Amino acid sequence: MDIINEQWSLIQHLFTSIRVKKVGRPTRHPRDILNGIFWIFRTGAQWSALPDRYPPYQTCHRWYRRWCADGTLAKTLELLSADLILRETQVSGNTESSNLIIHRSVSTDVQVGKVRSWMHDTQAMLNSPYARRVMEESELRRRNETTPIP
C-alpha cells in the first residue's frame, strides 16, 4: 500500500523533522520510508524482503524504530485510521461512528472500486499485528506518562 496524496497531506506535518543532509548518502523522502514500513505491516514479511521500489530495508527499519520510540508512527496510524473512518462514512453513507478502525471492515463495491481499493489496503495495514503492536505500545507509554509517581 502506498500512501495516496490525500493521506500524505494529513500526516506530512509529522515528518518535518527529517533534514536533508549536506554530506553522506542522500536522505530518503519520509513518504517512501513510510510506504516501505506499511508494506511490511501489510504483508508481515521480513524486513530483508522489502521490494526494491522502497528504500533499503535497513533505512526503513531504522526509521521504524525511531518513529515508534518518539510516537510519530502511532500518531500517523491514528490519523490514517480516523481519516479512513471519515472517508468510509462518506462513501457508504453510514453514520455509525467508531473510535478504532481495527474492528471495522471495508466492503467492496464495483461503483467505487478505486476508492475501495486504497481503503481496503489501508484497512489491511491498520489491522496488521505490527500496527496493533505500535498502537498498544503507544497507549502504554501514554498511560505511564499520565500515571502519577507516588
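Let me start with R62, which lies in helix α3, the helix that covers residues 57-70. Please keep in mind throughout that what we have here is a predicted model. R62 has a relative accessible area of 37% and is therefore partly exposed, since that class takes in whatever falls between under 20%, which is buried, and over 50%, which is exposed. This arginine also belongs to a positive surface patch, and the other members of that patch are R25, R65 and R66.

Let me step back to the chain as a whole before going further. The secondary structure of the protein chain comes to six helices and zero strands, and, read along the sequence, the pattern is α-α-α-α-α-α. The chain has 150 residues, of which 38% count as buried.

Now to helix α2, residues 30-43, where I would like to spend most of my time. Does the length of this helix agree or disagree with what its 14 residues should span? At 1.5 Å a residue the expected span is 20 Å, and the end C-alpha atoms are indeed 20 Å apart, so the two values agree. Just after α2 comes G44, which takes a positive phi of about 75°.

How many of the residues of α2 are buried? The number is 11 of the 14, and α2 is therefore largely enclosed by the rest of the structure. The buried set includes the aromatic residues F38, W39 and F41, and R31 and N35 are also among its members. As a general point, an α-helix has 3.6 residues a turn, so residues three or four places apart point the same way.

Let me take two residues of this helix in turn, beginning with L34, which is found in α2. L34 has a relative accessibility of 0%, and it counts as buried because that value is under the 20% cut-off. The C-alpha atom of L34 is separated by 9.5 Å from that of P55, a residue that stands 21 residues away along the chain.

The second residue is F41, which is also among the buried residues of α2. Which separation do we find between the C-alpha atoms of F41 and A131? They are 6.5 Å apart, although the two residues are 90 residues apart along the chain. A131 is found in helix α6, residues 129-146, and its relative accessibility of 2% means that A131, too, counts as buried.

To close, I would set two results side by side: α2 has 11 of its 14 residues buried, whereas R62 in α3 is partly exposed and takes part in the positive patch.

Definitions and conventions
Residues are numbered from 1 along each chain as its sequence is written. This is a predicted model: local features need pLDDT of at least 70, side-chain atom pairs count only at pLDDT 80 or more; totals for chains, interfaces and linings use all residues. Side-chain values use heavy atoms; hydrogens and water are left out. Patches are made of residues with over 30% relative accessible area and no salt bridge: like charges are joined within 9 Å, nonpolar side chains (Val, Leu, Ile, Met, Phe, Trp, Tyr) within 5 Å. Accessible areas come from the Shrake-Rupley method with a 1.4 Å probe; for residues, only the protein chains shown count as cover. A salt bridge is a side-chain nitrogen of Lys or Arg within 4 Å of a carboxyl oxygen of Asp or Glu. Lys and Arg count as positive and Asp and Glu as negative; His and the chain ends are not counted. The place of a charge is taken as NZ of Lys, CZ of Arg, CG of Asp or CD of Glu. Helices (H or I, at least four residues) and strands (E, at least two) are DSSP runs, numbered from the N terminus. Buried means under 20% relative accessible area, exposed over 50%, partly exposed in between (1.4 Å probe, protein chains only). The expected span of a helix is 1.5 Å times one less than its number of residues.
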